[in-house]
Each structure stands twice: as C-alpha cells, then as structure tokens.
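This briefing walks through a single protein structure and takes its topics in turn: the sheet, the aromatic rings and the cysteines. Please keep the sequence and the 3D view open while reading.

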Amino acid sequence: MAAAPVPEGAPVEPHDSSSSAESLDRLYPTVGSTKPPRKRTTSQCKSEPPLLRTSKRTIYTAGRPPWYNEHGTQSKEAFVIGLGGGSASGKTTVATMIIEALDVPWVVLLSMDSFYKVLTKQQQEQAASNDFNFDHPDAFDFDLIIATLKKLKQGKSVKIPIYDFTTHSRKKEWKTLYGANVIIFEGIMAFADKELLKLLDLKIFVDTDSDIRLVRRLRRDISERGRDIEGVIKQYNKFVKPAFDQYIQPTMRLADIVVPRGSGNTVAIDLIVQHVHSQLEERELSVRAALASAHQCHPLPQTLSVLKSTPQVRGMHTIIRNKETSRDEFIFYSKRLMRLLIEHALSLLPFQSCTVQTPQGHDYEGRTYSGKQITGVSILRAGETMEPALRAVCKDVRIGTILIQTNCNTGEPELHYLRLPKDISEDHVILMDCTVSTGAAAMMAVRVLLDHDVPEDKIFLLSLLMAEMGVHSVAYAFPRVKIITTAVDKKVNDLFRIIPGIGNFGDRYFGTDAPPDWSDDEDALST
C-alpha cells in the first residue's frame with residue numbers, strides 16, 4: 001500500500017523497497033493493497049521531563065491529566081501516533097509542530113532513544129570507539145517499548161529509562177510518565193516491530209534528503225553528545241547509512257502519511273492535525289453515548305454501602321447540616337459520624353474464621369481480618385480530618401496523603417503532592433474525603449492508587465456525604481471500588497454544590513472563609 005499523498009508536495013507515494021524489505025526478519029508485516037490508507041502523527045520525550053501540555057503557551061511537567069471527567073467517563077481514549085524516519089530527519093521538530101497545532105489538553109511525547117538496551121562491557125568498549133551499531137533493531141528494547149506504550153494507552157503511569165548518550169548507558173534514575181489524550185512516539189525504528197505497529201493509530205514517516213540528515217547529525221552529535229567529527233562520519237558510513245537503507249527506508253511503505261522535507265511541509269502537518277482532531281472528536285462522541293446509556297439506570301450501584309439512617313445518625317446530620325451550628329459543635333458531631341463511618345467500613349473488609357482460647361480455658365470461634373494490612377489515604381485537605389478516627393480503631397495503621405488541585409486555566413484536576421507507604425499494593429486502602437459531589441477528585445485519587453498497583457477491589461472510598469452524581473461517576477469509572485458513606489443527596493447544582501448539602505466542609509471544620517464559587521469537591525481541588 002502506498003502512503004496517502006498530500007497535495008502541493010506534501011506526503012508522496014514512496015518507492016517500492018521490496019528487495020531491501022526481504023532482509024528484515026522480525027519486522028514489517030505484509031501490507032495489503034486493498035486496505036484503505038489512514039493517517040497519523042509524531043512524538044518526543046528524550047531525556048527531558050515528561051511533556052504534558054495544556055495550551056500552546058503552557059507546559060506542565062508536574063501533575064497529570066484526570067483520565068476520567070466529572071461524569072466518570074474516560075475523557076478521550078489515548079490516540080497513539082507513531083513517527084518514523086531516518087536519524088536526524090526532523091522527527092522531533094515535526095512532532096513539536098504537530099503538538100503546537102493540535103492544542104489539546106494533554107499530549108505526551110515519547111522518544112525511542114530512551115529505550116536503547118543496556119550494553120555489555122564489550123559493547124561499551126565498541127561504542128566508545130564508534131564500532132557499535134546503534135542503528136540496528138537489536139539495539140532497542142522492544143519488549144520494554146511495547147509494555148510501556150500499552151500502559152500509557154490504558155492511562156497508567158510508567159517508568160521511563162533515561163539514556164546518557166555521552167556514556168552510552170542508562171542512568172540509575174528513571175522518570176515517571178503519565179497517560180494522556182494523545183501519545184506521540186518517535187524513533188528511527190518506530191515501525192520496526194509487528195507488535196509495536198498494532199499499538200499505533202497513525203503512522204507518519206518523515207522523509208528527508210540524506211545530505212541534510214548527515215549535516216544535522218554532525219551538528220547534533222558534536223554539540224550535544226560530545227563526539228568528534230571523524231567519529232561521527234565513521235559511524236555514519238559504517239552503520240547509520242546502511243541501516244537506513246536496510247531497516248528504516250523500507251518501513252516507509254507501512255506509513256499512513258509520508259512527510260517529505262519534514263518541518264518545512266506545513267501542508268502535510270495541517271492535514272495530520274485535522275485528521276487527529278476528527279479522530280478525537282469521534283472518540284469523545286462515543287464516550288458520551290456510553291455515559292448516556294450508563295446513566296439511564298437510576299438505581300444506586302451495588303458497590304455503594306450507606307450507613308443505616310438511625311435516629312442517632314440522622315440527628316447528627318441535622319446538626320452538621322444546620323448553617324447555625326457553631327464550629328465546635330460541627331467538629332464534635334463530624335468526628336462522631338466519622339468514627340461510625342470508619343467502623344462500618346471495617347466491617348466490610350474480608351474476615352476469616354479463627355479459634356482462640358479464653359482465660360477460662362475454653363475455645364471461642366471468632367473472626368479475624370484476613371488481609372495483610374490496612375492503609376489509610378486522605379485526599380487533602382478535608383480528608384485528613386478523618387485520619388484520627390481511623391487511627392483510633394486500627395492499630396498501627398499506615399497513612400498516606402494525596403493533594404489534588406484544579407488548574408485555573410483548564411479547570412482540570414492535577415496531582416501536586418503524593419506520599420504513599422511502601423508496598424501499598426498488597427494492602428486494603430481506605431481512601432478518605434469528607435464530601436464527594438462530582439467525584440472528579442475521588443476518581444483521580446483512585447487512579448493514583450491503581451498506578452501504584454493497588455487492586456481496584458481493595459480500594460474503599462469513604463465520605464461523610466456524597467451526591468448521586470458522584471456515586472454514579474465513581475462506580476461507572478471503577479466498578480469494583482467499594483463506596484461507603486453516611487448519606488447520599490440527590491442533586492448537584494450548576495456550581496457543583498451538593499443540594500441540600502453540608503456546605504464547604506473544610507472551611508466549616510478549619511474555620512476558614514469559602515470563596516464565592518466553591519463546590520463540595522473544592523477541598524480536594526484547590527488550596
């Protein structure tokens with residue numbers, strides 16, 4: 001199949017490279033001539049921090065996308081763009097231009113250069129004398145690349161190796177990269193593995209003249225990687241050029257779009273951006289349809305457990321919901337409710353039968369907690385008010401904290417602080433927040449726990465008060481998370497306040513003043 005042509009000198013149909021393609025063993029599946037052409041985009045990530053964009057002018061290297069919106073649906077399924085081409089063909093520049101033109105909330109740029117294999121001592125010596133072939137498929141860790149892209153596509157965080165080109169080795173520290181709406185993956189061997197190709201939604205080949213590529217490589221390797229001109233030319237003639245002819249240029253036939261002249265081909269880049277936008281719009285529409293279908297079911301989910309509304313519980317709710325209640329009384333009765341809520345949640349943990357002997361020498365058939373450990377995680381700031389109640393009933397409980405804030409430009413929650421105990425993946429986790437209206441902060445906190453390999457069915461979300469919207473959202477996004485509360489209110493108004501509600505819990509508890517546009521999730525979503 002020829003790559004899709006673009007008018008006025010943009011992507012052109014590549015030449016037939018069947019002879020050189022025959023030398024490829026693990027690579028390049030047969031491309032049928034009847035399959036309609038598709039389109040694709042670019043990528044970057046090298047050894048810089050993770051690239052997360054929220055606008056053309058602002059780059060965030062901290063925080064993360066919400067994965068799920070305030071209704072519990074995944075904002076957009078990750079769209080993966082593969083960007084291939086020869087060394088120094090301008091792939092990174094094209095990727096950057098596409099990102100700028102896309103202007104979508106979250107884009108991750110990932111470079112294949114991060115995934116060079118760890119060299120043996122002998123290979124290190126060869127690399128030092130420019131006698132090691134870094135332009136061969138065997139030089140890359142494709143298993144790690146594929147595993148990484150799969151997790152990113154699922155919205156999970158990944159650890160990326162940092163490669164040092166001056167020493168030809170991986171650094172000890174790895175960096176964390178988070179999922180996004182669009183993932184751009186670039187590299188000389190971006191299309192050189194069958195399993196990797198399956199993960200790419202759009203494949204773009206940047207076709208640049210060999211003389212231009214050589215000049216760019218000389219400039220880059222000498223100025224950025226500490227090489228000398230003789231070594232660069234030696235490596236180019238011995239490895240880079242033959243590898244391009246044998247392994248890279250044949251993959252041009254697999255591309256959905258070929259971009260001649262790289263960053264100078266603005267027509268091609270504009271068409272690529274239009275295609276990606278249309279794909280993202282289609283995916284968002286399908287998500288909205290799924291949401292509408294899911295929310296036609298009005299009954300509350302089975303994963304929800306509400307504390308029995310006894311006269312005592314309803315009496316305490318009457319006190320803390322009353323706007324005339326003093327701060328001291330509000331704190332006192334909130335703590336009482338928290339204690340009852342924690343006790344109720346603990347009763348839902350797994351228990352197993354056991355036999356103990358009483359002081360009178362008789363056996364007693366009892367029950368004991370069958371898990372390894374219980375860990376509490378509070379969503380700052382309101383969630384930390386529940387920590388004393390948890391400590392009072394769980395001996396030696398471990399506590400972690402998560403701080404999530406709303407980005408004032410995008411309105412999206414971002415992770416700003418995280419402190420979790422080690423080996424949390426084996427624990428039952430009590431996730432604590434005092435009020436949940438839309439569920440945006442709670443869902444993001446759950447996502448963080450899942451990133452740390454906590455099983456979904458071991459997460460217990462506890463809140464004094466929830467809105468039905470928040471309950472449905474969390475249950476839709478995470479159907480195995482147990483949701484536990486003392487009461488569920490039916491409505492959320494246009495400002496996302498729970499109606500009739502409890503007010504801004506954090507401000508009433510800590511005695512601070514609420515801003516005029518607060519919502520019940522605001523404690524978790526702002527400072």
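Which residue in β7 stands opposite V107? In this predicted model, the residue opposite V107 is V182 of β7. The points below place that pair of strands in its sheet and then turn to the aromatic rings and the cysteines.

**The sheet**

- The strands β4 and β7, the latter made of residues 182-186, run parallel and are joined by 5 bridges.
- Both belong to an open sheet of 5 strands, arranged in the order β4-β7-β3-β8-β9 with parallel pairing.
- The edges are taken by β4 (107-111) and β9 (257-260), and because each has a single partner strand, one side of each is left without a neighbour in the sheet.
- When direction is ignored, neighbouring strands of this sheet are turned by 20° against each other on average.
- Helix α4, which covers residues 142-153, packs on the sheet and touches β3 (79-85), β4 and β7, while its direction makes about 165° with that of β7.

**Aromatic rings**

- A pair of aromatic rings is described by two values, the distance of the centres and the angle of the planes.
- Searching the whole structure yields 10 aromatic pairs.
- One of these is formed by F132 and F134, whose ring centres are 4.8 Å apart and whose planes stand at 70°, so the pair counts as edge-to-face.
- Both partners are buried, F132 with a relative accessible area of 12% and F134 with a relative accessibility of 8%, because buried means under 20%.
- The rings of F351 and Y369 also form a pair, with centres 6.4 Å apart and planes at 70°, and this pair is therefore edge-to-face.
- Because F351 lies in strand β11 (residues 351-357) and Y369 in strand β12 (residues 363-369), this pair ties together parts that are 18 residues apart in sequence.
- F351 counts as partly exposed, its relative accessibility being 35%.
- Ring pairs also link Y116, F132, F134, F140, F142 and Y163 into a cluster.

**Cysteines**

- How many disulfides are counted in the model? The count comes to 0 disulfides, where a disulfide would need a pair of cysteine sulfur atoms within 2.5 Å.
- C394 counts as buried at 8% relative accessibility, and C434 counts as buried at 0%.

How values were computed
Residues are numbered from 1 along each chain as its sequence is written. This is a predicted model: local features need pLDDT of at least 70, side-chain atom pairs count only at pLDDT 80 or more; totals for chains, interfaces and linings use all residues. Side-chain values use heavy atoms; hydrogens and water are left out. Buried means under 20% relative accessible area, exposed over 50%, partly exposed in between (1.4 Å probe, protein chains only). Two strands pair if DSSP finds at least two bridges between them. Helices (H or I, at least four residues) and strands (E, at least two) are DSSP runs, numbered from the N terminus. Axes are lines fitted to C-alpha atoms, for helices over the stretch in contact, and angles run from 0 to 180 degrees between N-to-C directions. Contact means heavy atoms within 4.5 Å. Rings of Phe, Tyr and Trp (its six-membered ring) pair if their centres lie within 6.5 Å; planes under 30 degrees apart count as stacked, over 60 as edge-to-face and the rest as tilted.
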